[in-house]
Amino acid sequence: MNLFVYTIIAGIMYGIFFGLVGMGLNIIFGVLKMINLAHGDFIMLGSFLAYWLYGFLGINPLVAVPIVAAVFFLLGLPLYYAFVPRLIKSKDPEMLSFILFFGLSQVMEALVVFFFGNNQRSIPSTAFGSAGFTIFGQRFPIAWLITCLVALGAFGFVYWYLQHTRMGRATRAVMANRDEALVSGIDVERISALVFCMGLVLASIAGIFSFFVIGASYPSMGAELTTVSFAIIVLGSLGDPLGTILGGLIYGVAVMFMQSYFSSWAEILPYVLLIAVMLFRPEGLVGKAARSA
Amino acid sequence: MFRLKSKFIFLSIAVLVFTAVTSFAAKPPKVITIGTLYASSGSFATSSTSQYRGLKFWVSQVNKEGGVFVKAFNKKIPVKLVAYDDQGQTGTAGMLYNQLITRDRVNMLVADFGSVLTSVAVPLAKVHKVLLFDPTGTAAKFFTPDNQFVVLCSLPTSGQWPYALADFLIQKKIPRIAIIYSSNDFNQSQAVTLHDRLVKAGINPVYYQAVPTSTSNYSVLLHGIEATKPDAVIEFGFVPNDIAFLEGLQSSGLKFKMVFTIFPGQQLQLIQKNVGPKALYYTYTYPTPPLLKYNDVNFGPTLDSFEQAYKETGKKVDFLVVAGYNTGLIIEKTLDAAKSFDQLEFRKALAGFSGKVKTLDGEFKIDASGAQVGEMLPVAQFVPQGADGLDMHIVYPANLKTGNEIYPAP
């Protein structure tokens, strides 16, 4: 019974983190209708930046959040204006975006290998102290709680931005129909650039806390993270950022149950979920038919 | 008269042909070419580049002395290393091994790190009848009686690794043992050996589970293990698994009387950097050089003098550097012993000095299939030293023992 309770709570916390992992990918897809194949590499890059800040400058991961976020926001702007507008104007933006982001992912991996080498890098969980916390009699590392609180904060920010700000309403309009938003006077280019940067910032924050939930970082981890993120956003709903939270929760709880009771099979879970959703509810668990947009 | 003349001509031609053939066969090469691969990226990069550095260092050392002595030509010949980057991909590795054999026509072939990247070299070496010097590819399936073209230089086949560990657990009469292992040949073969030996001794493991090799979070698994109330937890994985396992154990606050993982004994600096020294306190492992020092070296430098010489590279010695260097030593001994410059003669020479050579990496002894049986892996335990340091004691077997185990862990 203890193991069952532990598995559920651990799964929820794990899922909240994976909601954050998928959020950046989904928000970019929602506005640009492009899959950022370098999403996992942005997470990896965020983790390496946090590792560097912690290892060389002694900056605590929590303090690193605004620094890393600012760096990625500033990185996103030139990246967006260099590539995305041209992609959108091209004949086949979706296919070209696959190629472009795949290339970007390779470049990022190579750069990290160049600067950090191939070794695994990690920030010990004791960075937040060695104390644990207890829920329903189950003890968890304090780093998990902090990770969950940061992820929930990020979800809250996305919700507030989309529902309670003018830019957010404009973003939702672009998500619903890019052309109609354009003719109604919304500065679609500006919104797209902002959301692209926001997607990278969310990925980088997931990267900072990835050490405490998914273990050490290494330069080639990006592809796997992109696959898992894709499974999560399809599960929730493509193009609906808040559906990603549900997708993350289902993924997290399912992984933990698989690990507890059928550990040998845990690896195939994201793919099984992906196939199941595509077969039985292709619009995602909470979604409208965003894919057909 | 005519018959005598033609006999003379025939004899002259025969002598000429014989001289030409023998002089061609005996002509020494200008350099001995050694072909190898390394992975500069991918999950094997850390280990592979270390192993490659060790081999490269051996090449630089022998060339400083004018080359390696080749008995077949009774002279020293310089060594040239031809190395390609397989990026940790078996597909690329297969193509590059083929290139080394067929295009570069290397004299000696050395495999990349580990069983995965060696697996593609074994059949190619067999088909092309080129002897493969295998530093660390320990999968038992590579070594079969019908294949004379592979020889394992550094470690025993993976199924033999836990022999001392199993004996230690049985001798300590530890009744409740949990085994968790990553589902790949290397780890599974160790888990199977340990499980079978324990069962034979009347100890039925209370937990025996495989997990995917990609597992990076052991929190729930550790709680599953804890539910079975084990005295000892044995985790067989690769370096990333060990890091995640130790990190998970540290952050969970769970305590077990004994914890064993493989790679702290081979990649201590890397693991310590990731999890911190406290996560390794009282952990057991298989110690390898430089943590394990053999004093009865009769070929090549001792570990101390090797470490001293290796300082010129500016890098630290780890086990894989030793394994790469040791492969160079085995090649050196082979060329020193082989009567002719021929791949099967090399294999015969290896069998000839098997069991007689002791390097900084331990005894070199192979069986008929080329598998290493000389080196064995003892059991060691890390203990705290000072405020934030680590010391290591070999606790089993008795002839290598440097300290007593602390069991149960405090």
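Which helix of chain B gives the most to the lining of the second largest pocket? The legends below address this question first and then turn to other parts of the predicted model.

**Figure 1. The second largest pocket and its lining in chain B.** Helix 2 of chain B gives the most to this lining, with five residues. Helix 2 (45–64) is one of the elements of chain B that supply two or more lining residues, and the others are helix 10 (268–275) and helix 11 (303–310). The second largest pocket holds about 810 Å³ of space. Its lining comprises 29 residues, of which B:S50, B:R53, B:Q269, B:K316 and B:D318 are the closest to the centre of the pocket. Sorted by class, the lining has eleven polar, ten nonpolar and eight charged residues.

**Figure 2. The second largest pocket between two domains of chain B.** Domain 1 of chain B covers 32–156 + 293–364, and domain 2 covers 162–285 + 378–400. The second largest pocket lies between these domains because both of them give residues to its lining.

**Figure 3. Chain B as a whole.** This view provides the setting for the close-up views. Chain B contains 13 helices and 16 strands. Along the principal axes, its C-alpha atoms fill a box of roughly 100 × 40 × 40 Å. Of the 410 residues in chain B, 56% are buried. The accessible surface of the chain comes to about 16,900 Å², and carbon and sulfur atoms account for 56% of that surface. Among the contacts in chain B between residues at least 6 apart in sequence, 66% join residues at least 24 apart.

**Figure 4. The largest cavity, lined by residues of chains A and B.** A general remark introduces the views of enclosed space. Rolling a probe the size of a water molecule over the atoms shows where empty space is left. The structure holds four cavities of 30 Å³ or more. The largest cavity contains about 120 Å³ of space. Among the 17 residues that line the largest cavity, those closest to its centre are A:F211, A:F212, B:E247, B:G248 and B:S251. Helix 5 (142–164) and helix 8 (188–214) of chain A, together with helix 9 (239–252) of chain B, each supply at least two lining residues. The lining of the largest cavity divides into nine nonpolar, seven polar and one charged residue.

**Figure 5. The second largest cavity and the residues around it.** This cavity contains about 70 Å³ of space. From chain A, the lining includes A:E109, A:V113, A:N118, A:Q120, A:Y218, A:P219 and A:S220. From chain B, the lining includes B:G42, B:S43 and B:T46. By class, the lining of the second largest cavity has six polar, three nonpolar and one charged residue.

**Figure 6. A:S122, a buried residue in a loop of chain A.** The loop that holds A:S122 runs between helix 4 (93–116) and strand 1 (132–135) of chain A. A:S122 has a relative accessible area of 5%, and it is therefore buried, the limit being under 20%. Apart from its neighbours within four places in sequence, A:S122 is in contact with A:Y51, A:F211 and A:A216 of chain A, and with B:K273 and B:N274 of chain B.

**Figure 7. B:K173, an exposed residue in a loop of chain B.** B:K173 is found in the loop between helix 6 (163–171) and strand 8 (177–182) of chain B. The relative accessible area of B:K173 is 69%, so the residue counts as exposed, for which the value must be over 50%. B:K173 and B:P287 are 114 residues apart in sequence, and their C-alpha atoms are 22 Å apart in space.

Notes: Residues are numbered from 1 along each chain as its sequence is written. Chains are lettered from A and ligands numbered from 1 in the order in which they are written. This is a predicted model: local features need pLDDT of at least 70, side-chain atom pairs count only at pLDDT 80 or more; totals for chains, interfaces and linings use all residues. Side-chain values use heavy atoms; hydrogens and water are left out. On a 1 Å grid over the protein atoms alone, a cavity is a set of points where a 1.4 Å probe fits but cannot get out, and a pocket is an open set with protein on both sides within 12 Å along at least five of seven lines; lining residues have an atom within 4 Å of a point. Grid points are joined across faces, edges and corners, and a volume is the space filled by probe spheres set on the points. Helices (H or I, at least four residues) and strands (E, at least two) are DSSP runs, numbered from the N terminus. Ala, Val, Leu, Ile, Met, Phe, Trp, Tyr, Cys and Pro count as nonpolar, Asp, Glu, Lys and Arg as charged, and the others, Gly among them, as polar. Domain bounds come from an automatic or database domain assignment. Buried means under 20% relative accessible area, exposed over 50%, partly exposed in between (1.4 Å probe, protein chains only). Contact means heavy atoms within 4.5 Å. Accessible areas come from the Shrake-Rupley method with a 1.4 Å probe; for residues, only the protein chains shown count as cover.
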